[in-house]
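Hi,

Here is the structure I promised to pass on. Have a look at it first, and my notes follow underneath.

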Amino acid sequence: MAKDSQLVVDARLCVIPPNLKLNSRSHVMQHPRKVPMSFLTAFRHFFVVTLIFFNTAAMADVKDTPTERRLSIPGSVRGIVMPREDWTLTREQLRPGDTAVYYMFSSERRKLFFSVYIDKTNVCQSSDTCLETALKNSQYKDAKELQKSDDGQFKIAQFFIDHPQGTPINQTNLLASAYVDGQWFDIHISKVGKERPEFAPLLEFLQAVVVK
């Protein structure tokens with residue numbers, strides 16, 4: 001299977017929290033590095049949207065520096081900070097009232113998908129309970145070789161899903177949860193391949209992501 005097509009399959013499998021009733025907009029951010037058009041075209045077909053190009057300055061809840069990108073609920077002093085690199089924002093959804101937001105990104109260089117769900121909630125009130133809540137998503141019912149760990153910032157679960165939704169690929173998944181100042185920060189990083197991809201690239205990227 002071609003690399004681009006593997007990434008397309010994985011885009012379809014990225015999970016949006018089921019309790020998220022949001023307004024949505026999908027678009028591609030402008031970056032210093034050019035993303036191959038075949039990659040962007042694939043996303044256009046999968047999300048059945050018109051990709052809108054505009055400057056990051058127009059988005060109050062996504063703030064860029066030359067090296068970093070900060071994601072948050074509009075007006076919040078807490079957010080997720082990630083490396084800017086070549087990450088392309090492919091989907092953003094905001095709950096009416098600005099109490100929850102969902103972002104999904106892809107990286108052509110890293111061949112990873114990265115999504116963040118931020119929610120002002122008391123559904124879970126610790127990193128442990130938030131991770132357990134995330135794992136209840138029905139999309140993870142076929143998780144194999146589940147392992148849990150703690151890196152000091154996030155509670156982490158890593159697992160495989162073989163042939164998700166009948167596709168001819170294997171998906172490696174990493175979930176990371178933190179609960180800070182009444183907000184649940186829920187991260188999902190994934191990678192696919194004909195064989196099970198290693199966890200190392202996912203864990204390496206997570207180390208560059210912080211809540212602050």
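**What I found**

Let me start with one pair of side chains: tyrosine 117 and tryptophan 184 are both buried. This is a predicted model, by the way, so please read everything below in that light.

**Aromatic pairs**

The structure has seven aromatic pairs in total. One of them joins phenylalanine 114 and phenylalanine 205, which meet edge-to-face, with 5.2 Å from centre to centre and 85° between the planes. Phenylalanine 114 belongs to strand β9 (residues 112-120) and phenylalanine 205 to helix α4 (residues 200-206), so this pair ties together parts that are 91 residues apart in sequence. Like the two residues I opened with, which are buried, phenylalanine 114 and phenylalanine 205 are both buried.

Tyrosine 117 and tryptophan 184 also form an aromatic pair, again edge-to-face, and here the centres are 5.5 Å apart and the planes are at 75°. Tyrosine 117 sits in strand β9 and tryptophan 184 in strand β13 (residues 183-193), so parts 67 residues apart in sequence are tied together by this pair.

There is a cluster to look at as well: ring pairs link Trp87, Phe105, Phe114 and Phe205.

**The disulfide**

How many disulfides are there? The count comes to one. Cysteine 124 and cysteine 130 form it, with 2.0 Å between their sulfur atoms. The torsion about the S-S bond is about 90°, so the disulfide is right-handed. Are its two cysteines buried or exposed? Cysteine 124 is buried, at 1% relative accessible area, and cysteine 130 is buried too, with a relative accessibility of 0%.

**Helix α3**

Cysteine 130 takes us to helix α3 (residues 127-135), where the buried residues are Ser127, Cys130, Leu131, Ala134 and Leu135. Why do they end up on the same side of α3? They cover an arc of only 140° around the axis, and that puts them on the same side. The spacing fits the usual helix geometry: an α-helix has 3.6 residues a turn, so residues three or four places apart point the same way. As for what covers the buried residues of α3, the list includes β10 (144-150), β11 (155-162), β12 (170-180) and β13. Strand β13 is also where tryptophan 184 of the second ring pair lies.

That's it from me. Over to you!

Conventions
Residues are numbered from 1 along each chain as its sequence is written. This is a predicted model: local features need pLDDT of at least 70, side-chain atom pairs count only at pLDDT 80 or more; totals for chains, interfaces and linings use all residues. Side-chain values use heavy atoms; hydrogens and water are left out. A disulfide is a pair of cysteine sulfur atoms within 2.5 Å. Buried means under 20% relative accessible area, exposed over 50%, partly exposed in between (1.4 Å probe, protein chains only). Rings of Phe, Tyr and Trp (its six-membered ring) pair if their centres lie within 6.5 Å; planes under 30 degrees apart count as stacked, over 60 as edge-to-face and the rest as tilted. Helices (H or I, at least four residues) and strands (E, at least two) are DSSP runs, numbered from the N terminus. The arc is that of the directions from the helix axis to the C-beta atoms. Contact means heavy atoms within 4.5 Å.
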